[in-house]
Amino acid sequence: MEYLRVIGGNKLDGRLKIASAKNAVLPIIAGALLSEEDIVIKNCPALSDITAMMKIIRSTGGRAEYEGNHILINCKDSNPALIESDLTGKIRSSIFIMGPILARFKHAALSYPGGCEIGLRPIDLHIYGLKKLNVKIREENGHIICDGSDMKSAEIDLDFPSVGATENIMMAAVFLSGKTTIRNAAREPEIVDLANFLNALGGKIYGAGTDTLVVEGVKKLSGGEYTPVPDRIAGCTFLTACALTGGDVFLENLRSDTINAVTEKLVRTGCELSRGYDYVRIRSSGKIKAIHKIETQPYPGFPTDMQAPMTAMLTRANGCSVMVENLFENRYKYTVQLNKMGAKITVKDRIAVIKGVKKLHGTVVKSEDLRGGAALVIAALAAEGESIVTGVNHIDRGYYKIEEDFRRLGADIKRENSSQ
Ligand code: UD1
């Protein structure tokens, strides 16, 4: 079993280059199924979620492999009947392949998607959108069977701006004649990125980044090369870590316009930030001011994926902070672990009250989901003494060799294996 051994107390200092966003790369890999030509997706870290998605592409009979840090895909020989259900059951993002498979093959059969244990995460909005496109859907033995033989463009109003549903419907509609309109669409930078990718292959998608997205059907998509948007959540994770430990960190290839909701909070805690289009520098004394209230919201609001790292940062703030989680109902499990390190967090339903403490102390903590795991690493970096963070497999889903990046910034952190 792998774990991270962290000796806290070092200030973070140095430069890092942020890679392409996991949440952009995953739907883009799925979108590659829409083309029969070669696709190159650049600057992609070999995260376990990404390699799992590539495995799904290979299981359809397509090619998906790394060349350096680029992913090469060719789905000419894909045949969706071949998808193994135990693969799609592992990651929630496997739901994304439903849209492209329906668009290209008119039929899809998938098992229910897996993913982080952070709540119910239903897929009703995906199903609703596909049904609006005239897909006939039935459930059989834990499988979702979709018949898209008579798909039609449509006007779709989403009850909630779901990221995944917006992406899935967008891809499903790419080849439908006429215009498909998605209202109350999600506006995340990763949505814009998927639209840019599809447009680079010859798609006609307008309005991405606004709440009304229009997909005008095209006959086919070509191949091409694409560099996805940098990972704003990974970038913000390093920023909050530096805010807590103190130090001076410069992040290259981080689109500062995509992280306003987070940087605004960091400034309020007393950190000094300087930023350009594609970089952010943070300087922190390590003395954090509390934040009265943070509420997670769909983009451009405060991202739910930063809720846990930000809470970890606020554990040592000067005063009391309140976090409200509006997106997922089960995203505070990690707070129990932070309290083992001396934090004072009380959780009731979707609200966490974080009473700042003078210091955290190292101990053994267990990560149970991706961002909660990152929060534990952040706290360990600032805690007195040694921490052991287990459950690294969760962290590896979204951070590539997180210990190497933090070591580059001067942290005392290493990955070990209990069988060593
Ligand atoms: C994506 C991100 C995830 C992020 C989340 C919210 C990827 C691969 N993952 O997840 O990191 O935390 O956006 O920013 O991009 N919902 C429904 N019915 C549905 C779909 C969603 O009720 O059919 C609900 C979910 O339970 C949740 C909320 O809508 O409460 C947001 O989900 P959604 O935006 O779909 O998130 P994901 O696409 O799963």
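**View 1. Aspartate 349 sits in the loop that joins strand 19 (344-348) to strand 20 (351-355).** Helices (H or I, at least four residues) and strands (E, at least two) are DSSP runs, numbered from the N terminus. Though not a glycine, aspartate 349 has a positive phi of about 50°. Please keep in mind that this is a predicted model, in which local features need pLDDT of at least 70, side-chain atom pairs count only at pLDDT 80 or more, and totals for chains, interfaces and linings use all residues. Residues are numbered from 1 along each chain as its sequence is written, and side-chain values use heavy atoms, with hydrogens and water left out.

**View 2. Two further loops hold a positive phi and a cis peptide bond.** Asparagine 43, in the loop between strand 3 (39-41) and helix 2 (48-59), has a phi near 60°, a positive value in a residue other than glycine. In the loop between strand 17 (294-295) and helix 10 (307-314) you will find proline 300. The peptide bond leading from tyrosine 299 to proline 300 is cis, with omega near 10°. For context, most residues other than glycine have a negative phi, and most peptide bonds are trans.

**View 3. The ligand is surrounded by 18 residues.** Asp124, Leu125, Ser162, Asp305 and Leu327 come nearest (a residue is near if one of its heavy atoms lies within 4 Å of the molecule). By class, the shell has 7 nonpolar, 6 polar and 5 charged residues. Here Ala, Val, Leu, Ile, Met, Phe, Trp, Tyr, Cys and Pro count as nonpolar, Asp, Glu, Lys and Arg as charged, and the others, Gly among them, as polar. Helix 5 (124-132) and helix 6 each supply at least two residues of this shell, and the largest share, 3 residues, comes from helix 5.

**View 4. Aspartate 124, serine 162 and glycine 164 place N or O atoms by the ligand.** A side-chain N or O atom of aspartate 124 is 2.7 Å from a nitrogen atom of the ligand. The side chain of serine 162 has an N or O atom 2.6 Å from a ligand oxygen atom, while glycine 164 uses a backbone N or O atom, 2.8 Å from an oxygen atom of the ligand. On its own the ligand has 730 Å² of accessible area (Shrake-Rupley method, 1.4 Å probe), and the protein covers 88% of that.

**View 5. Helix 4 (residues 98-105) packs with helix 6 (residues 163-172).** Their axes, lines fitted to C-alpha atoms over the stretch in contact, are 7 Å apart at an angle of about 10° (angles run from 0 to 180 degrees between N-to-C directions). The two helices are therefore roughly parallel (under 35 degrees). Met98, Gly99, Pro100 and Ala103 of helix 4 make the contact (heavy atoms within 4.5 Å) with Asn168, Met171 and Ala172 of helix 6. This contact has 5 nonpolar, 2 polar and no charged residues.

**View 6. Helix 8 (residues 232-245) and helix 10 have axes that come within 9 Å.** The axes cross at roughly 5°, which makes helix 8 roughly parallel to helix 10. Thr237, Thr240, Ala243 and Leu244 in helix 8 meet Pro309, Met310, Ala312 and Met313 in helix 10. By class, that contact has 6 nonpolar, 2 polar and no charged residues.

Notes:
Angles under 35 degrees count as roughly parallel, over 145 as roughly antiparallel, 65 to 115 as roughly perpendicular and the rest as oblique. A polar contact is a pair of N or O atoms within 3.5 Å; within protein, one must be able to donate a hydrogen and the other to accept it, and residues adjacent in sequence count only if both atoms are side-chain atoms.
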